[in-house]
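Please open the structure in your viewer and keep the selection tool at hand. Each stop on this tour suggests what to select and then describes what is there.

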Amino acid sequence: MHWYEKLNQYFPVEEMKSKEHLESLLKERSDIYHKDEGPHHVLMYAELEDFIFIDYLFVSKDARGQGLGHKLLDQLKEKKKAIILEVEPVDYDDTDTEKRLKFYKREGFEHAVSIGYARRSLATNEINQMEILYWAPQHESEDLIFESMKKTYELIHTYNDQKFYGASYQPVEEVLKKDEERDGDVLKDL
C-alpha cells in the first residue's frame, strides 16, 4: 500500500493534507520536510534549525507494541532538538486517542498547556481542536514551542494552501493562541 494511503486510512480527514500538498512539500521543501518510510511505518516531519515538527507518525497495527514507534522517536531525539507534534484530545469513543497520549507520555513528551490550537478544516469546514505535545531536551519553554508552532503552521500547514485546496487556512493569529491561564494537562491523569 502506498504511504499516502496508509496515512489517509489512519488519520481523520480534518487532519490530513492532500497527497499533492505532501508531495509538494517533499519536493519543494526537501531541505526541511522529510519522509521516513518502512514496511510498517510512515513518519513525515519537518526539521528546522532549532526544532523538529512531527507531521504524521503511523505504525501499522501488526507492528504496534514492538518498539518501532520508540525507535523512530529515538532517532529524532538523537538530534538534540525540541520535538513538537499535534495530537487529538482524548475521545473516549476512540480508544486510539488515549493509547496515543499514553505512548507520548511514556516517551517523555509534555503537554504545552498554555497553547491553544483550533483550525477550521478546509475538508469539513468544522473547527478542529488539537493539543500540542513537545519533548524538550534543553528544557525549552512553552514560548519557544509556541513560536515554533507558528513557524510550522506558516511553512508547512498553509504551504500553497490556495493552490491545493482552492481556499486558504486562517491566519496563524486566529489558529494558535497563547494563554497562561489555560488549564488542563491532557497527560496528567494518564
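Begin by selecting histidine 111 together with leucine 133, which is the bridge partner of histidine 111 in strand 7. This is a predicted model, and the pair you have selected belongs to a place where strand 5 and strand 7 are joined by 2 bridges and run antiparallel.

Now select the whole of strand 7, residues 127-135, and ask how many of its residues are buried. The strand is mostly covered, since 7 of its 9 residues are buried. Strand 7 also pairs with strand 6 in the antiparallel sense, over 4 bridges, and to see one point of this pairing you can select tyrosine 117, whose bridge partner in strand 7 is methionine 130. Follow the chain between these two strands and you will find that they form a hairpin with 6 residues between them, where asparagine 125 in the turn has a positive phi of about 65°.

Next, add strand 4, residues 82-87, to the selection. Strand 4 pairs with strand 7 over 5 bridges in the antiparallel sense, and within this pairing isoleucine 84 has tyrosine 134 as its bridge partner in strand 7. Isoleucine 84 is also the residue of strand 4 that serves as bridge partner to phenylalanine 53, so selecting phenylalanine 53, isoleucine 84 and tyrosine 134 shows you a line of bridge partners. Strand 3 and strand 4 are joined by 4 bridges and run parallel. The chain crosses from strand 3 through helix 3 to strand 4, and this β-α-β crossover is right-handed.

Stay with strand 3, residues 51-59, and colour it by burial: 9 of its 9 residues are buried, so the strand is largely enclosed by the rest of the structure. Then add strand 2, residues 41-47, which runs antiparallel to strand 3 and is joined to it by 7 bridges. These two strands form a hairpin with 3 residues between them, and histidine 41 stands opposite valine 59 in strand 3.

From here, select lysine 81, which is placed in the loop between helix 3 (68-77) and strand 4. Is lysine 81 buried or exposed? With a relative accessibility of 16%, lysine 81 counts as buried, because the cut-off for that word is under 20%. A polar atom of the side chain of lysine 81 lies 2.9 Å from the backbone oxygen of leucine 48. Beyond its neighbours within four places in sequence, lysine 81 is in contact with several residues, including Glu47, Phe51, Trp135 and Pro137.

The next stops concern salt bridges, of which the structure holds 11. Side chains of opposite charge can pair when their charged atoms come close. Select glutamate 88 and arginine 100, whose closest N and O atoms are 2.9 Å apart in a salt bridge. Glutamate 88 lies in the loop between strand 4 and helix 4 (95-106), while arginine 100 lies in helix 4, so the pair ties together parts that are 12 residues apart in sequence. Both glutamate 88 and arginine 100 are buried.

Within helix 4 itself, select lysine 102 and glutamate 98, which form a salt bridge with their closest N and O atoms 3.5 Å apart. Because they are 4 residues apart in helix 4, lysine 102 and glutamate 98 are separated by about one helical turn. Lysine 102 counts as partly exposed at 35% relative accessibility, and glutamate 98 counts as partly exposed at 27%.

Now select arginine 182 and glutamate 131, another salt bridge, in which the closest N and O atoms are 3.0 Å apart. This pair links distant parts of the chain, with arginine 182 in the segment after strand 8 (176-178) and glutamate 131 in strand 7, 51 residues apart. Arginine 182 is partly exposed, with a relative accessible area of 24%, whereas glutamate 131 is buried, with a relative accessible area of 8%.

Arginine 182 leads on to serine 114, since the two are in contact. Serine 114 lies in the loop between strand 5 (110-111) and strand 6 (115-120) and is buried, with a relative accessible area of 5%. Which side chain does serine 114 join through a polar contact of 2.9 Å? The partner is the side chain of lysine 178.

For the last stop, select helix 5, residues 142-157, and highlight its buried residues, among them Ile145, Phe146, Met149, Tyr153 and Ile156. Seen down the axis of helix 5, the buried residues fall within an arc of 165°, so they line one face of the helix.

Methods. Residues numbered from 1 in each chain as written. Predicted model: local features only at pLDDT ≥ 70, side-chain atom pairs only at ≥ 80, totals over all residues. Heavy atoms only, no water. Buried < 20%, exposed > 50% of the residue type's maximum accessible area, 1.4 Å probe, protein only. Polar contact = N/O pair within 3.5 Å; in protein donor to acceptor, adjacent residues only side chain to side chain. Contact = heavy atoms within 4.5 Å. Salt bridge = Lys/Arg side-chain N within 4 Å of Asp/Glu carboxyl O. Pairing = 2+ DSSP bridges. Right-handed = clockwise from strand over helix to strand, strands pointing away. Arc of directions from axis to C-beta.
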